[in-house]
Structures are given as structure tokens and as C-alpha cells.
Amino acid sequence: MNRHRFSVSLLAAALASAAAADIPRTADGTPDLSGYYDVATLTPVDRPQIFGDSAFLTVEQAKEIEERAAKAMAEGSADLAADRGAPPVGGDGSPGAAGNVGGYDSFWIDNGERNFEIDGKFRTSIVYDPPNGRRPAMTPEAQERAKARRSFWRENTGTAWWLENDGPGPYDDVELRPLAERCLLGFSSTGGPPMMPALYNNHKRIVQTPDHIMILTEMVHDARIVRMNADHAPGEVRRWLGDSVGYWEGDTLVVDTTNFNDTPALGLATRDLHVVERFKRVDAETLLYSFTVEDANVWEAPWSGEYPWPATDEPVYEYACHEGNYSLGNILRGARRLEAEALAAGAELAAGAE
């Protein structure tokens, strides 16, 4: 071997060894992952089309995105006039829930202030495989399921449109309402797996022991329990968050999750979802979180992503959400009222036709 190359190799090995020695470790010698993390980031899960095949942002592009986000946050958090009028019936038509009739302003939003960096480069997306930075195409069957779901969860326009369809409607039963609306499971797959950043409540807490690792998610209250060096539960045991077992691969925690029920947190995924996650402590203040997703019922190929989890001193606050708070009963009562109005109008038309 060339003497210069040999010296460089020794230096690289020494630096890697020093970096490994600098990370905090538990009494049994494994990297200590315990702590609080704030995973908020402006980097999207899927690469925006505008970036084409580029996996990285330039420094100028990253700065522009940061400045644009800061401006939008400031405008959205500005004080509103106390004597302003009510929004128009049905909203003003701008983007937002139900025609943007009003909700909360940007004061409540906490989705990060910048794009994340890995190895000194700004990524254009969390997904890195496929190379286009976007989740693979869905199977034809999954596309049909997604179409049916969109039809079932249409926007409530103030009419009982579901009476025109065969079968149950979206407001016929409490258990037909979405899990996130009922505060049973975090939305946007924040609880995972895989665990994604969201619009707010992006804190995580890890508590580590030799036999178990707990990952607490701020969004809703999901707590994942990873059983170390264990076998998966029997196939008939199914859970919303799946069955997670972990093991150490050098200094990397690998978590293998199967045994999901029919409604995993990951949108459109099925009970055959299989997720492998890796947690690697980069330094005393950062974890690198990576994952690979497989579900042949939904995507034509596996897909992978990664993003850093920076440590924070801020704790995970209670997410006091329970069954849609007081609104769930009113959601169903409102649907019954719309149905009564539709049936009365139909009866009146029928009577007039006679």
C-alpha cells in the first residue's frame, strides 16, 4: 500500500475511534440514546418536483427557503384586529380547513426554521431511495383503495351527500371516524413507524434500559416499546404501532417492526407493513434516524429515508387530546341533522310531484 494512503487510513480510523469514544454510553457500553429530541425540519418527506434529480440544496436555496418560512411565520402570527368581522359563510375560499373559516394562526405552528444537513449538505427530502427522493409508485390496487378513501372522506359541504351512496357513511358510527380525530393514534405518522416530523409537537423522548427502549412521541401520546434481543410476537398479535424488536449492530440500534393491524399510522399502509429503523448517535447532541419501508400491498418497491434528531432541553409536554374532545358527539349529531334535513327536503319534493 502507498505510504501516504496508509497514513490517511490510519488517521481516518483514529478520528472514527475518537468520535466513537466521545459519544455518551450506558453502563453496559452501548451508546446512550436517552434524552429529548426536537425533530422539526423544513425539509419535506418527498422531494418537490422543482428540484428534479438533485438530492441537495445549494446554500443559497436553503437560505431562501429559511427566509421564506420565517416571513410566512411572522405574517401568520401577526396580531388580528379585535373588531374584525366574522368570516363569510363557508369560508373565504382560500386554502385551509373548510374553506379557511378560521382555526389557529402560525403562533401554534412549530415545523422548524431550516432544512436539515447531513455531512454538511442540505437535503431536498427525507426520502433518499428511490434516488428521485419520492416514495415509489403505488400498486393499482392501492390506487383504487386511495380513490375509494378520498371518496369516503369527502369534505363536509353542509349536505348529507353520503345518503346518495350505498353502504355506511363516514358519520354513521364513532368507530368510523379517523383514529387521529379520535385521539387514538398520532397523525402524519409521527408515532410511526417510521416516525416523521409534522406541523407541530415534534418532540420525542427516548428512555433506554438494557432490555427495553421506550420512544415517547409528543404528538398525541404514542409510546413505542422496543423489546431488545427478542422474537416477534405471534402473527395473530396485531397492534397499531406494530411489534418492535431491537438489537445492536455495532453502535447502531436497529429496530425491526412487523405485526401491524389493518390501520397503521403510515398512510395507506396495510397489516403487511414492515419497517426497519436505525438510530445512530452521531455526536453527543445528535442522532441520525434512518428507516426502510416495505409493503408490497401499497408500494411497488421498498423506500428509505433519513434525517437527524437534534437533542433539546425542552421536555415532551402532555398532549391532552381525547376522543375529539367534546366535538365527537357534535360531529355525529350534526350529521343526523343534515340527514333529517335531506330526508325532509326529499319528502317535500315527492309530495309536490304528486
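I count two strands as paired if DSSP finds at least two bridges between them. The model I looked at is predicted.

**Small sheet**

With that rule I looked up an open sheet of three strands, in the order β2-β4-β3 with antiparallel pairing. I noted β2 (56-57) and β3 (117-118) as its edge strands, each pairing on one side only. I then checked β3 against β4 (residues 121-123) and found antiparallel pairing over two bridges. Within this part I recorded that I118 stands opposite K121 in β4.

**Nonpolar cores**

Next I looked up the largest nonpolar core, which has 33 residues. I206, F279, V293, W303 and W309 have the most contacts inside this core. I listed the elements that give two or more residues to it: β7 (212-217), β8 (223-228), β10 (252-258), β11 (274-283), β12 (286-294) and β13 (303-310). The largest share, four residues, comes from β12.

I also noted a second, separate core of seven residues, which includes W161, W162, Y171 and L338.

I went back to W309 for its contacts, leaving out residues up to four places away in sequence. W309 touches Y37, V39, M195, K204, I206, F279, E285, T286, L287 and Y289.

**G267**

Last, I looked up G267, which lies in the loop between β10 and β11. Is G267 buried, exposed or partly exposed? Its relative accessibility is 44%, so I entered G267 as partly exposed. I also took the C-alpha separation between G267 and F187, which is 8.8 Å, with the two residues 80 residues apart along the chain.

How values were computed
Residues are numbered from 1 along each chain as its sequence is written. This is a predicted model: local features need pLDDT of at least 70, side-chain atom pairs count only at pLDDT 80 or more; totals for chains, interfaces and linings use all residues. Side-chain values use heavy atoms; hydrogens and water are left out. A nonpolar core is a set of buried Ala, Val, Leu, Ile, Met, Phe, Trp, Tyr and Cys residues joined through side-chain atoms within 4.5 Å. Buried means under 20% relative accessible area, exposed over 50%, partly exposed in between (1.4 Å probe, protein chains only). Contact means heavy atoms within 4.5 Å.
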